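Trainee: Could you take me through one part of this protein up close, and then show me how the rest fits around it? I'm new to this, so plain words would help.

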Amino acid sequence: MKRGFAIAGVLLLAATSRHARSANDDVNVRLRDTGYMLGDLIDERVELRLPGAMRIDPDSLPLPGRVAPWLEVRRANLGPRDASGAQELVVTYQIFAEAEQATRAALPEFKLKASDGASIRAVSVPARTFLLSPALPPTLTDEDRELRPSPPPTPLAQMGHIVGALMSLALALASAVYLLWRYDRLPFWPYAPGPLARAWRRWRRRPEQDFSSAELAALLRDVHAALSRSAGETLYPSTLGRLFERAPYLTPLREQIETLFGASWNSFYGSGGSVSLPAAGALALLRDAADRERRVPC
């Protein structure tokens, strides 16, 4: 009787073993099992061959996170299924353990879920071991194992930073002064001013409301003189067109210049005998003409 139970147990164990092998015949695990140290990444490559319409459920893949105090899953990538029906799953682990001597460590077993829509099947990925190499000296004393306080911060030399900051400030100031000079914004240091710019510099600080008739006449004479110098000859109403040939940058102001020139010419040399032009218009025209002479964007 006992012998019969023993034979039945052996047969049952053999059947179970055959079933486990057939269940794992579709799982092939490849792993480089040597040469790992603290902080290294391990790629466990699992080749899956599922029959028929069976597909791995993506929700059953290992999730990122700790699977042991010294081991963490970083990611799990399931590749496409090829023409032969094989599909590769790559599970990447990271090691957080240190060993004083070469140690055989194990990656955990995990289970996947496969389904064809009508049935669900569990696919077991067996555990695999790898050799964890030491990164520490072969012998450590008790003093070496003790935790030590962090070293105090090293003071940095301040002189170099101060000199660098002062040089940067000096460079910024020099650049600002250059830009002010280049666009003729320094009252004591003009940038190659032309006749229109020189005339504008003489009159730009005068309030428009305080112009007397004599001052307005002086302003208009300065404008005439500056236009003549820009043209390179004394201008008359009949020769005013030469100004725009020799100073084409004044062409956008041609209509205003012709109006001001004609009105002031009649005031000076016509029958009127007095200047009745507004000072604000003359100053605005002189300013715009000076800006165009200096190539200031308008």
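Mentor: Let's start with a nonpolar patch on the surface of this predicted model. Five side chains form the patch, namely Met159, Ile162, Val163, Leu166 and Met167, and together they have about 510 Å² of accessible area. Pick out valine 163 from that group: this residue is found in helix α3, which covers residues 159-182. Is valine 163 buried or exposed? Well, neither label quite fits, because its relative accessibility is 37% and that counts as partly exposed.

Now step back for the overall picture. The protein has eight helices and ten strands. Of its 298 residues, 30% are buried. The protein exposes about 19,100 Å², and 58% of that area is supplied by carbon and sulfur atoms. As for contacts with a separation of 6 or more, 60% of them come from residues 24 or more positions apart.

Next, have a look at one of the sheets. Strands of a sheet pair through backbone hydrogen bonds, and they can do that either parallel or antiparallel. Here, three strands make an open sheet in the order β3-β8-β9, and the pairing is antiparallel. At the edges you'll find β3 (55-56) and β9 (120-125), each of which pairs on one side only. Follow strand β8, residues 110-115, and you'll see six bridges joining it to β9. For a landmark, find phenylalanine 110, which stands opposite valine 125 in β9.

Then there are the charged pairs. Side chains of opposite charge can pair when their charged atoms come close. A search of the whole structure turns up twelve salt bridges, so let's visit a few, beginning with arginine 45 and glutamate 88, given that arginine 45 has a relative accessible area of 31% and is partly exposed. The side chains of arginine 45 and glutamate 88 meet in a salt bridge at 3.6 Å, N to O. This pair links distant parts of the chain, with arginine 45 in strand β2 (residues 41-49) and glutamate 88 in strand β6 (residues 86-95), 43 residues apart. Glutamate 88 is partly exposed too, at 28% relative accessibility.

Another salt bridge brings aspartate 222 and arginine 202 together, with their closest N and O atoms 3.5 Å apart. Again the pair links distant parts of the chain: aspartate 222 sits in helix α5 and arginine 202 in helix α4 (residues 195-203), 20 residues apart. Aspartate 222 counts as partly exposed because its relative accessibility is 22%, and arginine 202 counts as partly exposed at 49%.

Last stop: glutamate 233, in the loop between α5 (213-231) and α6 (241-246). Its side chain meets that of arginine 246 in a salt bridge, 2.6 Å from N to O. Glutamate 233 lies in the loop and arginine 246 in helix α6, so the pair ties together parts that are 13 residues apart in sequence. Arginine 246 is partly exposed, with 46% relative accessibility. Some salt bridges also share partners, and in that way Arg30, Arg45 and Glu88 are joined into one network.

Terms used. Residues are numbered from 1 along each chain as its sequence is written. This is a predicted model: local features need pLDDT of at least 70, side-chain atom pairs count only at pLDDT 80 or more; totals for chains, interfaces and linings use all residues. Side-chain values use heavy atoms; hydrogens and water are left out. Patches are made of residues with over 30% relative accessible area and no salt bridge: like charges are joined within 9 Å, nonpolar side chains (Val, Leu, Ile, Met, Phe, Trp, Tyr) within 5 Å. Accessible areas come from the Shrake-Rupley method with a 1.4 Å probe; for residues, only the protein chains shown count as cover. A salt bridge is a side-chain nitrogen of Lys or Arg within 4 Å of a carboxyl oxygen of Asp or Glu. Helices (H or I, at least four residues) and strands (E, at least two) are DSSP runs, numbered from the N terminus. Buried means under 20% relative accessible area, exposed over 50%, partly exposed in between (1.4 Å probe, protein chains only). Two strands pair if DSSP finds at least two bridges between them. Contact means heavy atoms within 4.5 Å.
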